[in-house]
Amino acid sequence: MHFLVIDDHPLIRRGVREILQEAYPGCTIRDEPSGEAGLAQINSGRWDLLILDLSLPRMGGLELLDRIRRAGTQLPVLILTMHSETQFGLHAVRAGARGYVMKDTANNELLHAVKRVIAGGRWVSESFAETLVARADRTDRDPSHQLLSPRELKVLVSIASGNCVTEIANQLHLSVKTISTYRARVLEKLQLQSNAELTRYCLDNQLLR
């Protein structure tokens with residue numbers, strides 16, 4: 001088995017590596033601290049599973065998921081994150097993730113999720129599964145941020161976290177004009193008028209840590 005782990009926390013990468021090595025003796029594991037480095041590995045290697053964090057510097061996990069999907073790469077992806085399913089679970093599933101596991105769950109749940117996804121199945125918690133079923137026929141009532149692209153969502157959360165356009169541009173290595181364009185799109189899609197309203201929206205929808 002060949003595993004790729006993308007997470008910016010060394011302790012998480014080491015812990016996941018130990019779990020996989022114990023369950024799959026002799027497996028190949030590559031871990032990377034960023035979406036950019038992970039994307040290079042995805043493009044250059046053959047992997048059985050990608051275990052991906054959402055909170056990554058610059059290119060976030062959702063944006064990486066979007067790139068994988070657009071490239072047509074048939075790589076099973078399991079999200080391992082500190083964010084609850086109510087925050088980004090639906091967005092991740094729609095972006096192509098086949099599983100969603102919280103970092104504070106027991107190690108055996110992560111292992112069950114890995115085995116399920118490798119076998120071609122999906123893994124989400126029972127409560128999140130019920131949410132997915134309930135929303136299957138009522139997409140018109142999904143939260144408005146589900147309409148955002150991964151990059152737009154990242155800009156939204158960054159603004160709501162108190163970062164100015166210049167700071168976000170530096171973090172994402174983009175121009176101030178580009179970030180301003182993303183901000184304008186977010187305001188339009190969410191039908192809001194100001195950064196204060198964006199912050200309130202994120203708080204109301206539990207998008208902030």
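**Exercises on helix packing in a predicted model**

Helices H7 and H10 of this predicted model are roughly perpendicular to each other. The exercises below start from this arrangement.

**Exercise 1.** Determine which angle class applies to the axes of H7 and H10, and describe the contact of H7 with H10 by residue class.

*Solution.*
Step 1. The axes of H7 and H10 (residues 195-204) cross at roughly 105 degrees and come within 8 Å.
Step 2. Angles of 65 to 115 degrees count as roughly perpendicular, and H7 and H10 therefore belong to that class.
Step 3. On the H7 side, the contact involves Leu156, Val157, Ile159 and Ala160; on the H10 side, Asn195, Leu198, Thr199 and Cys202.
Step 4. By class, six of these residues are nonpolar, two are polar and none is charged.

**Exercise 2.** Identify the buried residues of helix H8 (residues 165-172) and state which helices they pack against.

*Solution.*
Step 1. Ile168, Ala169 and Leu172 are buried in H8.
Step 2. These residues lie on the same side of H8, because they cover an arc of only 100 degrees around the axis.
Step 3. In general, residues three or four places apart point the same way, because an α-helix has 3.6 residues a turn.
Step 4. The buried residues of H8 pack against H7 (150-160) and H9 (176-190).
Step 5. After H8 comes His173, with a positive phi near 60 degrees.

**Exercise 3.** Locate the lowest and highest confidence in the chain.

*Solution.*
Step 1. The chain has an average pLDDT of 88, and 94% of the residues score at least 70.
Step 2. Confidence is lowest in helix H6 (residues 126-135), with a mean of 70, and highest in strand S1 (residues 2-6), at 97.

How values were computed
Residues are numbered from 1 along each chain as its sequence is written. This is a predicted model: local features need pLDDT of at least 70, side-chain atom pairs count only at pLDDT 80 or more; totals for chains, interfaces and linings use all residues. Side-chain values use heavy atoms; hydrogens and water are left out. pLDDT is the predictor's confidence in each residue, from 0 to 100. Helices (H or I, at least four residues) and strands (E, at least two) are DSSP runs, numbered from the N terminus. Buried means under 20% relative accessible area, exposed over 50%, partly exposed in between (1.4 Å probe, protein chains only). The arc is that of the directions from the helix axis to the C-beta atoms. Contact means heavy atoms within 4.5 Å. Axes are lines fitted to C-alpha atoms, for helices over the stretch in contact, and angles run from 0 to 180 degrees between N-to-C directions. Angles under 35 degrees count as roughly parallel, over 145 as roughly antiparallel, 65 to 115 as roughly perpendicular and the rest as oblique. Ala, Val, Leu, Ile, Met, Phe, Trp, Tyr, Cys and Pro count as nonpolar, Asp, Glu, Lys and Arg as charged, and the others, Gly among them, as polar.
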